[in-house]
Amino acid sequence: MSSSDLEKLRHYCAYQERCHSEVKEKCRELGLYGDAADEAIAQLVQDNFVNEERYARAYAGGKFRMRQWGRKKISLMLKQKQVSDYCIRKGLSEIDPDDYYRVLKQLAERKFASLKGEQPMKRTWKTMQYLLQRGFESDLSREAIEEISKKPE
């Protein structure tokens, strides 16, 4: 492994938070495989360029705030990136429960209102499907929809 490869990897990691699997992929692009790639990643971890817990926190917080994803979707995406369960739990702890429910309720209200012409059961079902697709838990989604559907329009 050349020092220029390590420098490229440092730049890649400094630009934004990265997880191990993303760095491993970048190593392949640079032609680093096996021990050379492992050595480079170990050096990046040691120099604090790669920190999986920090990555999970940034990812979870960002996807919730910017994309309004639920915990289940965030967790699934982090699992796909081979982030450990411990780091996923740490990442999800970044999301404030009150903000989480507020966002869930806002999304539910918006979707429910957009289905005004639908039958009540269909309207509830479509709103529920929408929230589940965004990665919100079914029990919280049901609770929010019940609150909304009781309000007079």
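**Exercise 1. State which pattern the chain follows along the sequence.**

Solution. Read from start to end, the pattern is α-α-α-α-α-α-α-α-α. That reflects 9 helices and 0 strands. Helices (H or I, at least four residues) and strands (E, at least two) are DSSP runs, numbered from the N terminus. The model is predicted: local features need pLDDT of at least 70, side-chain atom pairs count only at pLDDT 80 or more, and totals for chains, interfaces and linings use all residues. Residues are numbered from 1 along each chain as its sequence is written, and side-chain values use heavy atoms, leaving out hydrogens and water.

**Exercise 2. Decide whether the chain is spread out or a compact globule.**

Solution. Start with the rule: 2.2 Å times the number of residues to the power 0.38, with the radius of gyration taken over C-alpha atoms. For 153 residues the rule gives 15 Å; the radius of gyration is 20 Å, well over that, so the chain is more spread out than a compact globule. Next, take the box: along the principal axes, the C-alpha atoms fill roughly 65 × 25 × 20 Å.

**Exercise 3. Check the span of helix 7, then find what its buried residues pack against.**

Solution. Helix 7 covers residues 97-114. The expected span is 1.5 Å times one less than the number of residues. For 18 residues that is 26 Å, and the end C-alpha atoms are 26 Å apart, which agrees. Now list the buried residues (under 20% relative accessible area, 1.4 Å probe, protein chains only). They are Tyr100, Tyr101, Val103, Leu104, Lys105, Leu107, Ala108 and Phe112. These pack against helix 4 (52-67), helix 5 (71-80), helix 8 (120-133) and helix 9 (138-150).

Definitions and conventions:
Buried means under 20% relative accessible area, exposed over 50%, partly exposed in between (1.4 Å probe, protein chains only). Contact means heavy atoms within 4.5 Å.
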